[in-house]
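Please look over the sequence and the structure that follow before reading on. The report then takes up the overall make-up, the interior and the charged pairs in turn.

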Amino acid sequence: MLASDRYVGVGSVPSVKVAGRELRPTPVFGTYWRFAAARQAVYEARLSGQSPPWSGDPILSAYRFTNCYRAADRVSQYLITQVCYCGDQSWDEVFFRVLLFKIFNRVATWRLLTAQLGQVTWAEYDFAAYAAMLGGALVAGERLYSAAYIMPPPRLGEERKHSNHLRLLELMMKDRAPEKVAEAPSMSAAFRVLAGYPGIGAFLAYQYLIDLNYAAGLGFSEMDFVVPGPGARDGIRKCFGAASDGIEADVIRYMADTQDEHFARLGLRFGGLRGRPLQLIDCQNLFCEVDKYARVAHPEVPGISGRTRIKQTYRRDLEPVNAWFPPKWGLNQAEPLPEMVSPDASVREFIGRRPARRPADEHQRAQLVMF
């Protein structure tokens with residue numbers, strides 16, 4: 001059960017202390033932990049090959065939510081298996097591939113490039129060729145960017161957004177950004193390197209750094225540093241009210257540090273990602289997802305943005321779920337790196353496809369049931 005009158009007061013805490021402040025949790029605080037346990041159970045059920053339905057909760061069944069662990073999501077899995085650890089492992093080349101992928105954050109765009117180029121490399125990079133390929137797809141009506149992040153275009157002299165982003169990547173490579181990030185003494189210092197480039201704000205710089213850190217060339221701990229995004233700030237406000245404003249990073253660290261206590265307090269089973277506990281980035285993401293979940297489950301609890309509906313409904317993806325993680329984490333249990341999708345298939349997927357029409361949002365609050 002994620003949220004129900006049956007659970008009012010059950011395992012609740014009157015207050016928590018974070019960064020010297022006393023915060024009084026709302027009912028959404030309990031939902032945060034129940035959501036994490038329930039969403040991880042869905043992931044594990046899918047991974048084991050169980051047939052749907054994977055959840056008895058109508059909200060989880062009706063809407064799209066990311067996994068508890070960012071590295072387990074489909075796009076992250078593609079990045080890790082087909083971008084980070086596929087190709088030349090010199091740090092400059094890995095950095096180039098990861099940032100090129102993440103700028104668009106769309107698997108179909110990456111497959112378009114690899115289908116036409118074979119190997120995507122900084123050593124053989126040519127602005128005109130890349131811009132022409134992407135521009136041709138755009139003219140054909142294809143979408144280049146994922147809707148997951150807002151990608152503001154840097155002003156670097158080009159007319160098209162994608163061309164300016166290519167110029168940004170050129171600028172970073174020529175400015176020795178890979179070396180500066182690798183030599184940074186801390187994760188926060190590496191973050192400041194990325195945040196210093198045009199068009200990359202704090203949120204994107206942190207997300208890019210997390211992706212770069214999946215590669216073998218960096219060794220930062222995901223417990224070192226966190227940057228709360230707008231969605232996480234909304235979720236934190238819903239869990240703790242306005243008293244949490246300004247200390248969101250401390251709240252995220254509190255959640256990561258006390259997760260075992262709260263799962264046990266609520267009688268929830270949560271084994272982590274093959275034993276790996278939630279990291280700061282995962283707790284940050286969970287606040288984003290709980291913000292969305294609470295729009296239906298707790299419509300009476302306000303956030304910051306004022307959003308009241310969940311935009312993305314769940315549509316089943318028939319592709320198999322991968323679970324291969326950075327080898328340095330020690331989670332792969334001798335599993336081989338998943339094979340790369342053939343370029344021919346990727347071209348067929350990309351060409352001629354149009355964005356699907358977004359299903360109508362549901363306005364009525366779903367009834368919550370036992371999980």
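What percentage of the 371 residues in the protein do buried residues make up? In this model, which is predicted, buried residues make up 52% of the 371 residues.

## Overall make-up

The secondary structure comes to 15 helices and two strands. Among the contacts in the protein with a separation of 6 or more, 75% are accounted for by residues that stand 24 or more positions apart. The surface that the protein exposes amounts to about 17000 Å², and carbon and sulfur atoms supply 51% of this area.

## The nonpolar core

In soluble globular proteins, nonpolar side chains tend to be buried together. Here the largest nonpolar core has 116 residues, and the members that touch the most other members are F95, L100, F240, M255 and F287. The helix that gives the most to this core is α14, with 11 residues.

One of these members, M255, can be followed further: when its neighbours within four places in sequence are left aside, M255 is in contact with F29, Y32, W33, F240, C283 and F287.

## Helix α10

Helix α10 is largely enclosed by the rest of the structure, because nine of its 11 residues are buried. The buried residues are L204, A205, Y206, Q207, Y208, L209, I210, D211 and L212, and they pack against α3 (74-84), α4 (91-104), α8 (177-183), α9 (187-195) and α14. One of them, D211, also belongs to a network of salt bridges in which it is linked with R70 and K102.

## Salt bridges

Side chains of opposite charge can pair when their charged atoms come close. The structure holds 14 salt bridges, and three of the pairs are described here.

Which residue forms a salt bridge with R24? The partner is E22, with the closest N and O atoms 3.5 Å apart. R24 is exposed, its relative accessible area being 55%, whereas E22 is partly exposed at 44%. A second pair is formed by R167 and E170, whose closest N and O atoms are 3.0 Å apart. Both residues lie in helix α7 (residues 161-174), where they are three residues apart, or about one turn of the helix. R167 is partly exposed, with a relative accessible area of 27%, while E170 is buried, with a relative accessible area of 9%.

The side chains of E222 and R276 also meet in a salt bridge, at 3.2 Å from N to O. E222 lies in the loop between α10 (202-212) and α11 (230-240), and R276 lies in the loop between α13 (259-265) and α14 (280-297), so the pair ties together parts that are 54 residues apart in sequence. Is each partner of this pair buried or exposed? E222 counts as buried at 5% relative accessibility, and R276 counts as buried at 14%.

## A buried threonine in a loop

T66 lies in the loop between α2 (58-62) and α3. Its relative accessible area is 14%, and T66 is therefore buried, since buried means under 20%. Leaving aside the neighbours of T66 within four places in sequence, the residues in contact with T66 are R39, D73 and E289.

Definitions and conventions: Residues numbered from 1 in each chain as written. Predicted model: local features only at pLDDT ≥ 70, side-chain atom pairs only at ≥ 80, totals over all residues. Heavy atoms only, no water. Salt bridge = Lys/Arg side-chain N within 4 Å of Asp/Glu carboxyl O. Buried < 20%, exposed > 50% of the residue type's maximum accessible area, 1.4 Å probe, protein only. Helix = DSSP H or I, 4+ residues; strand = E, 2+ residues; numbered from the N terminus. Contact = heavy atoms within 4.5 Å. Core = buried A, V, L, I, M, F, W, Y, C linked by side-chain atoms within 4.5 Å. Areas by Shrake-Rupley, 256 points an atom, 1.4 Å probe, with all protein chains shown as cover.
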